[in-house]
Amino acid sequence: MSRHCQVTGATPGFGHAISHSHRRTKRRFNVNVQRKTYWVPTLGRRVTLTVSPRGIRTIDKRGIDAVVQQMLARGEQI
């Protein structure tokens with residue numbers, strides 16, 4: 001599972017881990033994604049999405065039907 005949110009499109013960030021001696025090594029800031037299953041009445045089935053907490057809040061605010069329609073319009077695979 002790649003670390004990206006299907007709703008918001010959030011992807012991992014990259015930067016440096018800086019040690020006490022100030023040496024820099026590459027590191028990756030992963031996105032906090034979870035697999036959530038939602039019932040979508042317009043499709044008449046359950047949909048499992050990989051979403052971040054911000055994506056979960058977006059679904060709670062706008063509704064799963066609106067979010068799924070926007071994802072389908074973008075060409076996202078559901």
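The legends below accompany a set of close-up views of one predicted model.

**View 1. The whole chain, with two helices and four strands.**
Let's start with the overall layout, which reads β-β-β-β-α-α along the sequence. The radius of gyration is 16 Å, well over the 12 Å that the globule rule gives for 78 residues, so the protein chain is more spread out than a compact globule. Along its principal axes, the C-alpha trace spans about 55 × 20 × 20 Å. Buried residues account for 28% of the 78 residues. The accessible surface comes to about 5700 Å², and carbon and sulfur atoms contribute 48% of that area. If you count contacts between residues at least 6 apart in sequence, 38% of them join residues at least 24 apart.

**View 2. Strand 1 and the loop that leads to strand 2.**
Ala17 is a handy place to enter this view, and it belongs to strand 1, residues 13–18. With 28% relative accessibility, Ala17 counts as partly exposed. Beyond residues up to four places away in sequence, Ala17 touches Arg23, Arg24, Thr25 and Arg27. One of these, Arg27, lies 10 residues from Ala17 along the chain, yet their C-alpha atoms are separated by 5.9 Å. In the loop between strand 1 and strand 2 (24–29), look for His22. Although His22 is not a glycine, its phi is positive, about 70 degrees. His22 counts as partly exposed, at 48% relative accessibility.

**View 3. The hairpin of strand 3 and strand 4.**
Here two strands run antiparallel, and seven bridges join strand 3 to strand 4. Four residues sit between the two strands, and in this turn Gly44 has a positive phi of about 75 degrees. Val40 stands opposite Arg45 of strand 4. Further along strand 4 you will find Thr50. Thr50 is buried, because its relative accessible area of 9% is under the 20% cut-off. Thr50 and Gln34 are 16 residues apart in sequence, while their C-alpha atoms are 5.5 Å apart in space.

**View 4. The two faces of helix 1.**
On the buried side, this view shows Gly55, Ile56, Thr58 and Ile59 of helix 1. Seen down the helix axis, these buried residues fall within an arc of 160 degrees, so they line one face of helix 1. The face turned away from that buried side carries the exposed residues Arg54, Arg57, Asp60 and Lys61. Strand 3, strand 4 and helix 2 are among the elements that cover the buried residues of helix 1. Just after helix 1 comes Gly63, with a positive phi of about 100 degrees.

**View 5. The buried side of helix 2.**
Four names to pick out here are Ile64, Val67, Val68 and Met71, which are buried in helix 2. They cover an arc of only 95 degrees around the axis, which puts them on the same side of helix 2. A general point helps when reading this view: an α-helix has 3.6 residues a turn, so residues three or four places apart point the same way. The buried residues of helix 2 pack against strand 3, strand 4 and helix 1. Gly75, just after helix 2, takes a positive phi of about 90 degrees.

**View 6. The largest nonpolar core, made of 13 residues.**
This last view brings strands and helices together. The residues with the most contacts inside the core are Val7, Tyr38, Leu49, Val51, Ile59 and Ile64. Two or more core residues come from each of strand 3 (34–40), strand 4 (45–51), helix 1 (53–62) and helix 2 (64–74). Helix 2 gives the most, with four residues. Val7 is a good residue to centre on: leaving aside neighbours within four places in sequence, Val7 is in contact with Leu49, Val51, Gly55, Thr58, Ile59, Val67, Met71 and Arg74. Of these partners, Gly55, Thr58 and Ile59 also appear among the buried residues of helix 1, and Val67 and Met71 among those of helix 2.

Methods
Residues numbered from 1 in each chain as written. Predicted model: local features only at pLDDT ≥ 70, side-chain atom pairs only at ≥ 80, totals over all residues. Heavy atoms only, no water. Core = buried A, V, L, I, M, F, W, Y, C linked by side-chain atoms within 4.5 Å. Buried < 20%, exposed > 50% of the residue type's maximum accessible area, 1.4 Å probe, protein only. Contact = heavy atoms within 4.5 Å. Arc of directions from axis to C-beta. Pairing = 2+ DSSP bridges. Rg over C-alpha atoms; globule rule 2.2 N^0.38 Å. Areas by Shrake-Rupley, 256 points an atom, 1.4 Å probe, with all protein chains shown as cover.
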